[in-house]
Every structure is written in structure tokens, then in C-alpha cells.
Amino acid sequence: MIDPALVSGLSALMFVIGLGGAFTRKNAIIVLMCIELMLNAANMQFAAAAVHHGDTTGWVYTLFAIAIAASEVAIGLAIFLAVYGQHETISLDDVDVLKN
Amino acid sequence: MSNITTVEAFGDGFISALFPELMLFAGLLLLIIVPNLGKGTFRIPGTQIRLPWLLGGTRFKFTSDPRLPAWIASVTLGGAFLNVIYVFSQGLERVVIVSESGKELLLVNGFSRVFEMIFFGALALAAFSSMNRLQVKGIGSRVSEHELYNNRRQADFYILMVTCALGMSVVALAQDLFVLFIGLELASFSTYVLVAFLKESKVGVESGMKYFIVGSVASGVGLYGLSMLYLWAGSLQFSVLSAAFAESGTTALPLIGIGFVLVGFGFKVSAAPFHFAAPDAYAGAISPVAGVLATASKAMGMLGLVRMLLIVAAPESSEGSAVWLACLGAMAAITMTWGNLAALGSDNPKRMLAYSSVAHAGYMLAALTAVGAWNWDATISGDAGAAAVAVMTALLFHLVVLVAFKLGAFLVLSVLESEGGASRLSSLGGLAKREPLLAVAMFIFMISLAGVPPMAGFLSKLLVIMGIVRIAVGDMGAEIADGGVFVLADMHWVWWLAFLMVINSAISVFYYLRVVVVMFFDEPEEGREGPLPSGWQVRLAILACVLTTVFVGLAGDSLIRICEMAAQSLNYGW
Amino acid sequence: MQDWISMPLVGFPLVASIVLLAFVSNADASMRKRLSDPIRMATLVFSLVLLAITTGMFFQYFGDVSWEGISFNSYEYTHRYNWIESLGIHWTVGLDALSFPMVWLTTFLLPVTIIATWNEKNGAVYFPIILAMGGALIGVFVALDLFMFYVFWELTLIPMFFLILKWGGKDRKYASQKFFIYTFTASVVMLLGLITLYFFQDPVNPLQYAGSMTGRTFDIPTITQHALNENSNGNWYLGANIQKVLFAMLMLGFLVKLPAVPFHTWLPDAHVQAPTGGSMLLAGVMLKMGAYGMFRLPVSLFPHALQYFQLALMAIGMVSLVWGAVVCLGQTNLKKMVAYSSVSHMGVILIGIATMQPMGWAAALFMMFAHGIISPMLFAVCGAFKHHYHSMEIGAMRGMAKHSPWLATSMMFAWMASLGLPLLAGFVAELMMLIALWYFLAAEGWSVFWMVGPALVLAITAGYYLWSMQRTIFEGGDETQPPESLHGEPVPDIANPEKLAMLILAFFTIVFGVMPWIALDMMHDWTVQIFEGLIMPILGEFSGGA
Amino acid sequence: MASKESAPLVHSEWLQFAPLIILLPMIAFAVILFLGRVFNGHPFWKKNLKEGGLIALPVMAASLILSLLLISEFLKGNSGVDQIFEQIAWVNTGVWGGGSNIESVSLGFGIYVDHVTVMLLFVASFLCLLINIFSIGYMNTDPINDNRNHRFYAEFVLFCSGMLGMVLADSFLWLFIFWEIMGLCSYLLIGFYYERPSAASAAKKAFLTTRIGDVFLMIGLVMLWDLFGSLDYAVVFATENIDAVAANSAGTLQWALGLMFIGAVGKSAQFPLHVWLPDAMEGPTPVSALIHAATMVNAGLYLVARMFPFFGAESLHGDLDDLAFIIAAIGGITAVMAAAIAFVQMDLKKVLAYSTMSQLAYIFTGLGCAMYLANTLDWHHDDDAHYIVIVAFGAALFHLFNHAMAKGMLFMASGSVIHEVHHAHHHLHHHDDHGDGHGDEHHDDHDDEHFDAQSMENMGGLASKMPITATAMLVGSASIMGLPLIGGFWSKEGIIANAWRVAQDDPRFLLPAMCVLLGAAMTGFYMSRMWFKTFAGKPNNEVAAHVGPTNTWIKTPLFILTFVTLSSIIFAGMGFTHWASDTEYSFLSEKNLLEGILYEMKHAFANSDPFFFILTYIAIFMGAIIGPGLAMALYGGKLAEGEEAKPWMRPIIALSAWVNKRFHFDNTAIRESTLATALENRLYIDEYYDKAMINIVAGFSNKVAETDAEVIDGTVKAIESGSQSLSTIVRSMTTGSARDYILMIAVGTLAIFLLIWGVA
């Protein structure tokens, strides 16, 4: 069995990649993917912790988190679609009517 | 803590304990079903027999009324609100809902009830006042009665409102950090969509996208923090976490976890530097929604912070929590100053209110810092427990009355919006001539926001400052009476947060007053001379806000007592 | 004794004005015009009722009150209701030798202001606001609860803000905001000081009227008594450092309100832009709030700190006195000049306080009162000038003695009263201030040259007033064309209500100039007792126990 | 509410009515002002009541009668100090002067009558009445004054009230209060012709200049207050109080008195605060007579005379001599300076104004010398010294009396001349186009044309046309010049003698002594010059030739005053110099009238001390021969053909004509010299003051106003604009790109992470 610590470390790496990607990429879809990466990092950590503590609640948390991530994607894509309809771009840098 | 009733989920007493929430659930079902009722028929497959099916088809006159969802939502939310108040007036019945395995899931007590009051009240007002002013074709268009009747998105809007309320109430009740998180996400998703609801306008979708994407990142960080806490403690039950902290709260892992969770809630309360999406979101969203963001949503974030920091991470004699105290203090200072400075030059009333809401978040964070501060300063003991209750009381009071005047201000803007936009300060021009009563209402909201007596905003700010100073002074008064000698430096440093808050209130007067000046001094914009088109609902809502603002400001004692009770019932060891 | 009589003093005008305003706000423009006259009459009657009440109080109609014998920290017509019990906040009203003259002054100025600005435009709204202003001002003076005091303190800003904003001059937008923000900023610092003071009470042995949630009280008499007990033991109430800090925080609020140099720049702007009625109340009563607050709180509670800051206060007072007067010399705007003269006169009050002599305090108290009668007249004159000549520039209209003898006479009278002509009210205060100042200097062993500054201000004051009179009342005659701003219309003299107001003000200026004892006898016991109770123990201590 | 202390020690029953002397005019002020405003222009008001003149007249008469009754009571043997103790406790308060109790103090009003009071009370009430009479003749016949004379009379009576109040008040404080009321009236009266810019500016100048003095007076009073704890004469003059003060703070007392003296300098128009007096001649002539010759300017002298008990106090022996010297020196300098400026003035009233200044300076010198003597001689025990001191003080007061009478008369006479010249001018130039009566148009010619009715260039040879006026003027001039046996001679000799007596003692006093001696000659010159230029010689122009006699209202006071001035010897003989100054001395108690007169004669002309014998004759020689002689040589001359002066003036005119013929010399060079130019420009003092005002005061105030606007208010504005630009910076960080927002979240997260990592 894989050492939960390693999984934890991997999740930390994923989290950092996700967070880093979120503010370096312009395309909203990619940013959304980065966010998913962050959520999945948390999921992995939950799973690892569940194993570590031998507690099943962690798995429940993971399942719920996946559901949350899924609905988040659904909402996000719907919004991006609407944004594209109005702005004709989903580049985060170019959608800046509102500022200051 | 003795009189807590334990109820298993869906067991005996579950319904009576969670009656308001179940009301919301019922309302949600009605909202989904009722507007869809029509003359639709169901053809039995293979036959030509059409059975009346009632769903779909040409709608009944009754169900096709676009005001119907609004009414359902308003009645549901309002009913829940009144129910909460009723429950409150019947004395506090504390109920804890546990899972089959005995884990505490939800706790019904005064504290959660007060927050539900805030959530339901704000959302009920927002729903009620959106009834006849919801925009269809983007900011700037006027909605004819006819267009309104054909708008089927009405139902979606109010469904989201109610789900939002449901999510929030879960946050209020949660006794498990993950349950709290799920409630938070439910409410958040609803608000993301509500903000983006004006998908026919550029600003609408843009604000929605920004709010969504930034909020998602923040909640991602928060969730990761949760996972770290779980990794550390093996459970996300408040009781477990609290005990674990009391034992060994100084290690890095849980503290970093707390810090990450702070980010998640920090976004909700729009604390600097997590507030950036807020002004854009407020500016793009329709005003009642912005009002909800500024009041209910913020209260929800605040609630999370209180739960996290005070229940989980601030056990007695915990040296390590001083770290997050410093974080929080710095955040409070930066937030209030940032918000006020930014609002100072803002020409968009909605952005201005957004920044002012950032500033108010700063004040509340300062109060929270003070609550956290009483624990580890050696000179402060004595009535510090009562002092912490006092600050919590102030915090709750502030959140409650904020609904009245912050939401009220947004509702006034919403009246202007329904005429054709409220994104320039000049759109408020000459309001005093056009609608004197509306202008007076806005004036009252503004000075209340600024903290000018005798409005509720003054009392709330006073309570916060008093709470902070009380913590800072501690029991020096008693020791002076015993012959002790002190200097100013003996006071806890949170006193300087009170000082900063006072200075910030002074700065804030500037931009609030500018709104007043524009209303009472400037001429109306071209083509906006006459009285405003709007129905009675929003005006009634505004009137309610005005009355609350003034009445609470003049006689806030009973509300203070309610908040005090709530603060005392926070299930923590004082 | 009808103790309740002090209640309607506050409630009545506020409620009346809100009712009237609510009534008016439902009326359309033409209706409003028609309503203007009855509302004006109604506010006049209301304000006269208030005046009758306070005057009746003075003549002991409502109970046997010996106004001459009210000692320090005892109050007449006190009344206390629970307001916000959890915080120890009560609706407490009461009158003493310090507040009664101010309350009477306020109720006196209300009808006079209404009469003086009888023809103000949009009267249906204007007069109720004036009434509300009066109610708020009275509230400040009768409040015996820190919270209530602060509430009314800030409440006064709102009507004044609207008076300036709606009825003011060209730059009213700027002036009204500056006025509001500037004074608000100072008073929130004061508020923090008040709250800190509040929490330095001992919750273990709570004082009377303490709040259920806090164990402390906002009750001024209780706190004052407590502080008096502590201070007269020779201890520093709350300790040296904290006393000084709190003193400074409270003082900041009051100094800005007073206003003292360098916190005065809101005043000229506010005055120049404010309408006549606003200016009259602003200069007549509102500035006195600062001095009143000083006496009520810092001086009464923190005598040690007063002693410590004595020289600083003296310096600020001196600078205000001289600075205000010198700036006046350089003004060409009539109202601005008068506004700066107020700054100068408020310096007298500050010096009076800083002398720490019963006489100096009596001088300050009397100055508050005297200036409260004289400065409204100054501003009434300025307002009439503006009203008739559509200009505020000195020299815009000359030879007024010819065209507008009434206005010219009023102006000369008011100017002379303000420059401290004997037998008019202002002189008494200035004289007493000088004597007290000399006592201070002599006690400190300072040179007489320090007297030259304040005394020379009397000459400077005469200088700018005479200079302005030379260019307004005198000169010209037939050769001077009326100012261009009149567009060739005939030059009118002031209207009858204005004449009446001027006469009333002039009459009382003379009455209190010739018979200052009416007010001074009331203040005598108070000043002497507060000195004996608070200052003397300290002074004994400081002079090496001698 | 006024607490009344009752310790009635009222000596005289008339003393109870003394407050009426002040109150009556004050009431009249209100009455006249009110009626005047109501009935302005009404024929009854105008013709029968003379626009208030006939209301003022009985009031002033009543005041005079009450004063005389008071004086008579006083002289009847109730010598010593009389006082109404029944005071109004005006201000009650407390002061802390160390120790453990608070002294209760009160500032009250009461009446105080002593020798000095009585003397000045008579001067004031007597002259006020006469000037009131004169005014009715003068003001009401000048159409320019139509419909505004009520203002004149109102202010006039208020002034009188102030003057009488000042004299009767029982404390320095109330002296000051009434003093200021006089100042106000003086301001109003000088600015009576408010439409003239010159009058407006003169009024302002008068008020401001005296106000500067008042400031110091006030400081002095305050210091005095601190020393004595009161300003009541009864308290401050009490020997035990003075002793107590003398023991500790004689120096402070000298400072206090010195500062008070500055007030007197301002009020009595002494150098360097003299600049207002000549300008004040812008007021109507009765005003000049009243304020600037007879009464108000005496207030300063009165104040100094009131200080005498300090100088005379035994315990202060030798402590105040510096101040006495300063008083004398200021007097000496002003005497010469004013006289010199008077040389070149062409304006009749200005000559008199400078003359007033100069004569007041004499009195100051006299007072200074008397005070020096009182302060340095052991006069309480040594009878000779006592006599010297008393006479020295008395001489100064006597000169005050003589000067007031003479100068009042001179001003009225000059007013009469001006009045008639003006009328003649009118008659001559405007007769045709003013057929339809005297209307407001008169304003025009009064201002517009360059005819100056006050200039001596437009007079000359009037002796025959205005005999009464000329006589009055002659007597008045003689009195001022100190021609033997007439009026001021008696007092002036005394002042000069005392100055030299002191100079023998203290060489510092040589300055005032020389000045007064020189001044005698100068007085002789300019007064003669004025008379000859006005009344002798031939009319200078057509206008002067058409001057007619004056009316009865004007003549009456001139007539009375001529006699008073001429009978000065009788007053002297009655021992004026004694009883005016010595509280112990009783009228005619030692000598009868004839003895008194003979004694004075002997004392003046045949002094046993050779020094003073010679000095007397030098003074007479300078004042009565050199001065007038020079004036005759330059300005004397016969009247025009056919004109005949009254017999008593004929020899003088003839003499002047002879001297003129015999000794006439060309003075063009002198007239054009630098000194003369400087004198014509009033020694440039006014210019310097103006420059100082503009450059220093105005410059300073502009700087201060600038600082106020730019630094103090600038700071406020900078805070405002600074926070606005800060706001712009802060808001610009909300770039609009969601990427940046996420970045900020990441940064915040990182910060929290690092902070916690670092600590934990």
C-alpha cells in the first residue's frame, strides 16, 4: 500500500500546480481545469487521511467533494458560454469591462 | 449546555427542530412544480388517450403569472424568517442533530437562529423587492408589464434564492466542518448564478464569471485546508477539532489548514486581499442580489470564521493561535483601510457600496480579532469572558442591522436600476426632487452606514468599538480601583484596531455624504426628471429597512439582548 | 417641582419638526408654497413655547430652583429613563449652571432666527429644519449621559448639513461636506476616548446605573462624582498617563468644534456658505458646544491633565485669538471676516479655561453666552447685507448709512458689540479674561508682555471692524452707485422681521452688557466649587505643598 | 440680582442724585434717536425742537444744575472724599491667588467725588451745555445737516453722558468703560458726514489710535487689579493698600501706571499717538469744540491726575519718578512738536487742533513735574514741600480748566467764522441757482467744490464784521498764549516754573523744561498768526469781504466763555490751584478773595526767589512779545477801508499794522525750507504710520491669511486630495482581470502560509 504521506505530498504538489495554473493561464476553461486540480488535490488528501486514520468519513468527504466539483464545472461552463455570447472571448484578461 | 436535546437525523423531533429549513425545502419544491403546472396532457403510449397531466403545456392563468414564483419565494423565505423569530420568542430550544453513528451534524441554538434570521430576512427582502423589477434585457432597458409576464426565467431566479437560503442555513447549523463546507458551496453556487443572472448583458455575465472563478479558487484553497485539518485530526467535527487544538494546537499542519480555510471564508466576507472580485460582482449583479451578497453572504462567511476561529482554534491558553490572531488583525486593518480608500474615489454607487462592504468586513474582522485576543494576554482576565460575549454580541448585532441599511441602500439603487441603470453617481442626481421619500431613505441608509447617530449603524459600530476597547482595557479598571497604575501601552494592541476603525469611519463619511449631496444638490440626469417607475413591493421593503434602521438605532436594547443571548449560546466554553 | 419640564425641551422640537417635515414631504411644489406660511408660524409658536419654558424655569415658575446656588455636579430638573439598559445608557436630562444659560440661549435664538430669516425660500422645509436644529442643540446641553450627549452632538450635524447644502451659497456643496466630515472626524476620536473612559470603570464594584452587559455606566453625574472623589483624594483619576491620553482625545473633538487654530478651517467655509439662519445658529450655539463639552467632561474629570496641558491650551487659545484676528484684517469677504472673528473670540474662551481660575472660567462661560447673542446678530447683518446687495464683498456697497439706515445701524451696533465695547455683552467676558490671564501670568512669574498679544487683539479687532464699516456704512452717499449686482434696482432697507430680530438681539446685548450679573451670578458658585473641588487640591500639590 | 452692599456714608444729599447726571443724557440719547427716526423731517420736530437740540438742551442744563448743586455741597465744607457706597455689584466672581481659599471679587459701579472730580465735572457739564447751545445755532442752520441732526444730538448727549460718567465713576474700571463710550461717540461724531471719505477715514483713525492706547490702558488696569484686587478708588487709594503694594511690587505698579499712561497718551493725542486729532477736525465744529478741545481729550489728563495718590504716597517715595519723567517728557516733546506744526497750518481748525495738542502737552508736563515732586519730596511732613507739591499739581489742573474754557471758546469762535464764511460763499456763488430753497443739493457744492471754508486763505479782516467772535477769539488766544493777567497765564507760568524747579533737582527734566519754555514762544507765534490772519489785515478774497455777523445761539456761549476766561484771575485768587489738588484745603478758608488775588499777583510778578523771578519774565517775554511780535511782523495789517473794529481791538490791530510795516521781512525762504515742508507734512509721522500699516500690518495679515488658506487649510485639502489619489491607486489595483484577482488570492494564501510556517 502506498504510504499516505506520499499521497499527501502528491496532493500538495497538485494543489500548488493548480493554484499556480489558476493565475498564470488566461483561458477560462484552463483555469477551471486548474481549479479542478486543486479540488482533486483536496480529494486525494481526504483519501490519504482516511487511509491514515482508518476512518471511512474521509471517503464520504471525497465523494461529496467530487460531486461539488462536478456541479462547479457545470455552472462554470454555463457561465463561460454566456460570457462568450456577450464578449466573444473567454480570455480572463480580455473580459474586463468592470474594473477599478 | 445541559438542556440540549439530541435528535437523530430524520428521527423524532427532527421536523420541529428544523421546521424553517423544511419550510424552505417545501417552498423549493413548490417553486419547481407550481410554475410549470398547465394544461399539459400525457398520452398513454400506443393509444390516443391523453390523460390530464398538469405539467407543461399551456399554463394556467394562475401559474403563468410571472409574479407567482416571487410570491412563493417571498412567502417561503418570509415564513421561515417569521418562524425563526417565533422560535426565538418561545425561548431557546437547543437541539443537536446527530447522524446514526452519533456524529454531531447540525446544532440548533440561538446563535444559529440569529444567523438564520439574517439570511432569511435578507433573502426575503431581496426576493420580495425583486418581484416587479427583475431585469430581462440587461441594464438600461425598461421592462414592460407584458415582457415581465412572458419571462419564464423568473422561477429560476427565485429557486436560486431559496437554495441559497438553504445552503446558508446549513452553514448556520453545521457542526461538522465539511457539512458547513457543503452548505457554503450550495449557497455559493446559487449566488454565482444569481450574479450572472443577467446573461443578456456584458457586465452581468462578466461579473458572474469573475465571481465564480475567483470564488472557486478560494473555496478550492479552503477545501484543501479542510483536507489538511482532516489529515491532522482524523475528523472534521467541531468538538473533535476543538479538543485536538486544545491538546496540541501549535503544530504547523493544523494552523496552515486553518489559514487556508481562512482564505475560503475571507473571500465570502470579502476581506482584503480576497475581496477583488466583490466590487465587480456587485457592480454587475442586479442590485437586490448585490444586496444579498453584501449582507447574507457576508454573514455566512463571518459565521464560518466565527465557527472556525473561535470554536475550533481559540481554546484557552493556546499560544499558537496568536499567529492567526496576528493574521486576522492585519487582515482587519488592511481590509477596512483598503475598502474605505477605494470607496473614496468610486463613481459607481454600487461599487462604492461594495467597497464600503469591504470596509465593514474589516470592522467585523477587527471585532473577531478582539474576541480572539482575550485569551492569552496576561493582564486580561476577570470579566473577559463577558467581554468576549460582548464582542460577539456586537458582531451579531452589526450583521443583523447591516441587513437593514446595506440591503436597503441596494434596494434604493434597484429602484433606479429599473428605470435605467444606477452605475453612475449622477444617476442619483436630484433624487430628492424626484422622490423625496426615497431620497430621505437613502440618506438614512448612508448616514447609518457612516455610523452617524441615531441610526442603527451608529449603534452597531459603537458596540463593536466598545467590545474591542473592553477587551483592550480588560480589567484594568478594577485594578485601578485597587490602586493599580497603568499607562496607555498596557492596553492590548487591539485598541489600535478600534482607533483605526474610528479613523476609517471618519474617512467613510466622505463618500457616503457624496451620495447625499448628489441626491439633494445635483440636478437629475437628462431624461430622468420624473418620478421613478416601480411597484409598491420594493418601496415597502425599503420602508421596512428604514424603520428598522431608525428604530433599532433609537431603541436597540432588545436586539442587543437577543444578540447577547445568541452570543452566549455559541457552544463554546464560556 | 415639575421635573418633567426638561423633557419636552428636547423631544418637542425634534418630534414637531419631524412631523412637519413628514407632512411637507407629501405635498407637491405648489402645496408646499402654500404651506410655507402656516408652517413658519407654527415653528415660531413652537419655538416661543420653548422659550417660555426656559424663561419660566429661570423665573422658577416650574419649581423652586435656586439658580444661583447650583453647585458643581448637581443638577436641576433631572430626569432619567432607561434607554439601552444592557450598556448602561439612560435618557438622562438635567440642567445646571453650565448648561442652563446655553439652553436658554438656544431657545432664545430659535425664534430670533426664525424671525430674522422670515422670508427664507422653501420655508416649509427650512423652518422645521431650524426647529430640529434647535432640538438637537438643546439635547447636547441637557444630556447627562455620555451616549446621549454624543448622539445629540452628532445629530446637530445633520440639520446643519442640510441647511448649508440646500440654502447655502455658491460653494455650499464643498462647504457642507467639509463641515460634516471635519467635525465628524474629530468627534469620532472623541467617541473612542469616551468609550475608553467608560471601560476604565471598575466592573467589579459597578457604579450606579451600570449596564447589565458591561457593568459600567454612561451616566455623567455618576462618573463625575466618582472622578471628583478620586481626584480630590489627590490621586489621579485613572492614573496620570491614561488621564492625559483621554484628556487629549476628548479635547480634540472639542477643539475642532470650538474651533481653535489650527483646526478652524472648516468654519469660514461653513459660515460663508451657510444661509443666515444656519450661520446664526452655528455661530451662536454650535460653536459653544465645544466649550461646553470641555467644561462638562475633560475639565470636570481630568483636572490633573488640565494642569498638565495648561500651557498647551493657553498657547492654542492665544494663537487662535491672535491668528483669527489677524486673518480678519486680510479678508475682503464680510462673512468670512465675521467667521474668523468667531475663531478669535473662541480663543478667549480657551484662554479663559486655560487660566484655571474661577474668574477665567466665568469669563469663558460668559463669553459663550455673550458671543451667543452677539454673533447671531453679526450674521444676521451679514445675511441682510447679502440679501439686499447680492454680494458679500466689503466695499460692494458703500454709504449704507444713507440707503439703509436700519441695516447700517444694526451693523454698527453688532460690530461694536463684537469688538468689545463696554456696556455691551462682549466686553465683560474680555475684561474678565484679561484679568484672569494676568493672574495666571503673575502666578507663573511671566512677563507682562504676554498680555500684549491678547490685548492688542482688541485693537486689531477694532481695526478690521472699523475698516469694514468704513467701506460699507460710510463713504459714498450720493456719488456711489449701488453695486452692479443689484442691476439697477432701488436699494432697499431691511425688512420688518429683520428689524425686529436685530432689535431683540441688540436689546439683549445691552441687557447682558449692563447687567452681566444675571448670568454671572449663576455661574459664580459653579466655577468656584469646581475649582475648589478639583483644581485646588492639585495646585496645592504642585506648588510644593505650600 | 445685584447684591447691594449697604454702608450708606452719603455726605451730601445731592450726591444721591449724582447718577442722574449720567443717566439723564443717556436716556435722552435713546429718546432723541427714537423720536428722530420716527419724526424725521416733520416740521415741528425740525423747527420747534431743532431736531432734538431742544430736547438735549434742558437735559444738559439739568446735568449742569445737578453738578453745580453737587459741587456747591461739596464746597460748602464737606471737603474730603465723597462716595456713594451703594454700588451695583456688576460682576461677581472669584480668583485664586494661592493658598487654600478663593477670594471673592466684584466689579461694581458707584459714584466718587473729590476735588479733581468736582473740577472736571464743572468743566464738562458747563461746556457741554454751552456747546449744546452753540450747536443749535451752528448745526441747525446748515442745510447740509438737514434731517440728520437728531443723530448729532443723540450722539452728543451720549457723549456727554460718557464724559460725566467717567468723571463721576468710582473706579478705574468704570472710568475706562465710560472712556470707551466717549470713544465710540467720538467715532460717530467725527464720522458725522459719513459720505465724505475723509471723514470716514478720520473717524476710523481716531478710534483706532485711541484704541491702541486703550489696549495698554486695559493691561495696566488688569495689572493694577492684580496688585490691589480691586479697581475702586476707595480701595486702591487707601494708604494701607498702597503700603502693602509698595512693599512688594512697586516696580509692577510703575509698569501698571505706565501702561495706563499710554492710554492717556492716546486719548489726549500726545506724541506718538497724536495723529488722530488733526484729522478729527473732519467732524462738525461743535464736535471739535466738545470732543477735541474741551472734554474728551481731557480724559487722558484726568486719568493721569487720578494716579496722583500713588505718586504722592509716602510708601512709594522715589519709586515712581521714572514714570513722572516719562509723563513730563512726552508732554514736552509734544508741546514743541505740535506748536511747530501749528506754524504752517492754513486750516483754522487745524491750527486749533495742534494748539490743543500742544496745550495738553503742557498739562502733561505740569502733571509729570507735580508727580515727580510729590514722589521725591517729603511732602507729608514738610510744609514747604507740601505747598510746592500742591501748587504744582494745582497749576496743571488749573491749566486744564483754563485751556478747556479757552479752547472751547476758540473752537466755537472758529466755528462761527467758518459758518459765516461758508454762508458768505454760498450767498456769493449760489444765490442765483438756489432760488428754490435749501434742498439736498447742498450736499453737492459742499463736497464738490474746492472752496475750503476753513482755510485762513479765505479769511482776513473779519474783526469788524464779527466783533463778538473776534473778541472771543482774541481773549481765547491770549489765554492760550499766556498773556499776563488773562486766563491761562496763571496756570502756564506755574507749569513752566515747576518744570524748572524740577529740572534743578533732576537734570533729566531739563528736556521738558526747555520744551515748555520754548513752547511758550511758539504758542505766542501761532496763536497770534491765526488771529491776525483771520481778523486783521484786509479780506483775502471776495468771500471774506461778504461775511456777516453770526446768530444769537452762537454768540451766547462765546460771550459767556469770554467772561469766564477773563475772570481766571478770580479763580486763581480764590485758590483754585490749592483746592483742586489738595483734599485738605478748603475754599477761601485762609484768605479772602482780594488777598488771594494779590497773593497770586505777587507770586507771579514779584517772586522772592530770583531764579523764578527771572524765569517768569523770560517766559512772559517769549510768550507775549517774541511770538506775537513775529506774527505781527509777518501777518499784521490794517483792516480794509471803512471797516472799524471794536475799540478794544483797535490798538492791537494798529500795533500789528505798525509792526508789520516796520519789521516785515520776507519769509519765503523759511516757508520753503525742508523743515517747513516737513512741518506741513506733519513731520511725516502720519506717512510713516500709514506705511507701517500697509507694509507691516497689512503685509503681515495678508501673509497670515495666506498661510491660513494655504498651509492650514492646505493641509486639510492635501489630506483630501491625497486620499483621493491614494484611492485611485488602490482602485487601479482592481485591474478587471480575474487572473489578477486569483493571483491576489494566491498571494494572500502564500502570505498566511509563510506567516504561520515561520512562527509555528
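In the predicted model described here, V98(B) stands opposite E104(B), a residue of β5(B). This pair belongs to a short stretch of chain B in which strand β4 (residues 94-98) and strand β5 (residues 104-108) pair in the antiparallel sense, with 4 bridges between them. The two strands, β4(B) and β5(B), form a hairpin in which 5 residues lie between them, and within the turn G102(B) has a positive phi of about 90°.

The hairpin is one part of a chain whose secondary structure comes to 23 helices and 5 strands. For the overall dimensions of chain B, the C-alpha trace spans about 90 × 65 × 40 Å along its principal axes. The radius of gyration of chain B is 24 Å, which agrees with the value near 25 Å that a compact globule would have with 574 residues. Of the 574 residues of chain B, 66% count as buried, a residue being buried if 20 or more other C-beta atoms lie within 10 Å of its own. When the contacts in chain B with a separation of 6 or more are considered, 80% of them are accounted for by residues that are 24 or more positions apart.

Turning from chain B to a contact between chains, the one that joins chain A and chain D takes 10 residues from chain A and 11 residues from chain D. On the side of chain A that touches chain D, the residues divide by class into 5 nonpolar, 1 polar and 4 charged.

Technical notes:
Residues numbered from 1 in each chain as written. Chains lettered and ligands numbered in written order. Predicted model: local features only at pLDDT ≥ 70, side-chain atom pairs only at ≥ 80, totals over all residues. Contact = placed C-beta atoms within 7 Å. Nonpolar A, V, L, I, M, F, W, Y, C, P; charged D, E, K, R; others polar. Rg over C-alpha atoms; globule rule 2.2 N^0.38 Å. Buried ≥ 20, exposed ≤ 12 C-beta atoms within 10 Å, placed from the backbone. Pairing = 2+ DSSP bridges.
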